[in-house]
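Biologist: Before I rely on any of the terms used for this model, I would like to hear how each is justified. Could we go through them one by one?

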Amino acid sequence: MKASAFAYARATSVANALELLAVHGEKAKVLSGGQSLLPAINLRLIAPELIIDIGELAELRGIVVKEGVLTIGALTRHVDLLKSPEIAAHAPLLADAVAHVAHPAIRNRGTIGGNLAHADPASELPACMLALGATIIVRGPRGKRRIATSEFFAGIYETAIEPQELLVAVELPVPLKHSMHFFHEFTRRRGDYAIVGLAAQALVKDGGFADLKLGFFAVGDRPVLARSAGKLVDVLITSAALSEASSALDQELDPLEDQQATPAMRRHLARILLVRCVSSLLDRPDLRTGASM
Ligand SMILES: Cc1cc2nc3c(=O)[nH]c(=O)nc-3n(C[C@H](O)[C@H](O)[C@H](O)COP(=O)(O)OP(=O)(O)OC[C@H]3O[C@@H](n4cnc5c(N)ncnc54)[C@H](O)[C@@H]3O)c2cc1C
């Protein structure tokens, strides 16, 4: 299949891209790495009248750490996250996760901004943003808006970005010293979208959790920051406590059915990931066998 006819404009600056979006709004689509947009256009799932190519805007690229905040430009590619010393030092969860995003050819072109704007519920990076407490920065006709990740994802392929807005950057608080992370996903083949996955960030103190953020993905119409994590913070972690958190997790997830798995299978896999995460972060192999699942 081929794309239906569309007009093409290469934006010369962020201001120029915003001017084009202000005029064309919903009839236009922004092009970053093209790894999700172009297949959708070629399959005629969408038919924008205008494509606004922002791919050459250097001002949207790069990773900077300043005053305890890690800022990642929207056009920073997946491969840049993988290779960045700043990401390795301050957000290693992202480096671990992005290694599971597709394959090298796609990671060489796909961008963090495009990935988050695309909002695939089975995608790795949105769940990482939840676990890391990220803020998404967008610009539009009324200036800059800062959106907490928990408010950003609105459903399958839906976000809080307005048609005339551009995602320009992501900000992450630099995690406290001694923060730890966990990432794992179940896929049929390496590089596939996840059947279920978990991106977690934690503060471990005296053999327990002083903080625990669990970002599950492919468990519903958007990534989920599990409230059940609260049952594991500031308590003695026993098999019983873990089992209680597992049951609470079961209640709060609302997984979808597709060709890969039933909702029951997804719930089961999410509980397994929870146990593996806790046992691995606390270095407690006994919890894997002790917890009822
Ligand atoms: C075979 C294959 C396998 C894949 N596997 C995975 C996977 O396992 N995990 C995963 O997470 N992803 C996967 N992807 C998707 C890949 O990560 C994409 O790169 C990513 O989802 C989109 O990034 P992009 O820069 O290519 O965005 P584009 O394709 O250019 O754009 C995607 C969408 O976001 C909008 N958009 C782009 N940039 C902006 C912006 N700055 N502001 C506002 N809107 C914007 C576009 O208009 C479009 O609607 C896969 C893709 C392919 C082709």
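Biologist: How far is a nitrogen atom of the ligand from an N or O atom in the side chain of Ser32, and what makes that a polar contact?

Modeller: The separation is 2.6 Å for Val30, where an oxygen atom of the ligand faces a polar backbone atom, and 2.7 Å for the nitrogen atom of the ligand and the side chain of Ser32. A polar contact is a pair of N or O atoms within 3.5 Å, where within protein one must be able to donate a hydrogen and the other to accept it, and residues adjacent in sequence count only if both atoms are side-chain atoms; the 2.7 Å at Ser32 therefore qualifies. A backbone N or O atom of Ala102 lies 3.3 Å from an oxygen atom of the ligand.

Biologist: What is the standing of these values?

Modeller: The model is predicted, so local features need pLDDT of at least 70 and side-chain atom pairs pLDDT 80 or more, whereas totals for chains, interfaces and linings use all residues. Residues are numbered from 1 along each chain as its sequence is written, and side-chain values use heavy atoms, with hydrogens and water left out.

Biologist: Why is Asp53 called buried?

Modeller: Buried means under 20% relative accessible area, exposed over 50% and partly exposed in between, with a 1.4 Å probe and protein chains only. Asp53 has a relative accessible area of 8%, and is therefore buried. Its side chain makes a polar contact of 2.5 Å with the side chain of Tyr8, while the backbone nitrogen of Gly55 lies 2.8 Å from a polar atom of the Asp53 side chain.

Biologist: And what makes Gly34 buried?

Modeller: Gly34 has a relative accessible area of 9%, so the word buried applies to this residue. Gly34 and Ile51 are 17 residues apart in sequence, and their C-alpha atoms are 11 Å apart in space.

Biologist: How do you know that the span of helix H11 agrees with what is expected?

Modeller: The expected span is 1.5 Å times one less than the number of residues. For the 19 residues of H11, numbered 263–281, this gives 27 Å, and because the end C-alpha atoms are 27 Å apart, the two agree. Among the buried residues of H11 are Arg266, Leu269 and Leu281. H11 is followed by Asp283, whose phi is positive, near 55°.

Biologist: Which residues surrounding the ligand are the closest?

Modeller: Of the 28 residues that surround the ligand, the closest are Val30, Ser32, Leu37, Thr111 and Ser123; a residue is counted if one of its heavy atoms lies within 4 Å of the molecule.

How values were computed. Helix = DSSP H or I, 4+ residues; strand = E, 2+ residues; numbered from the N terminus.
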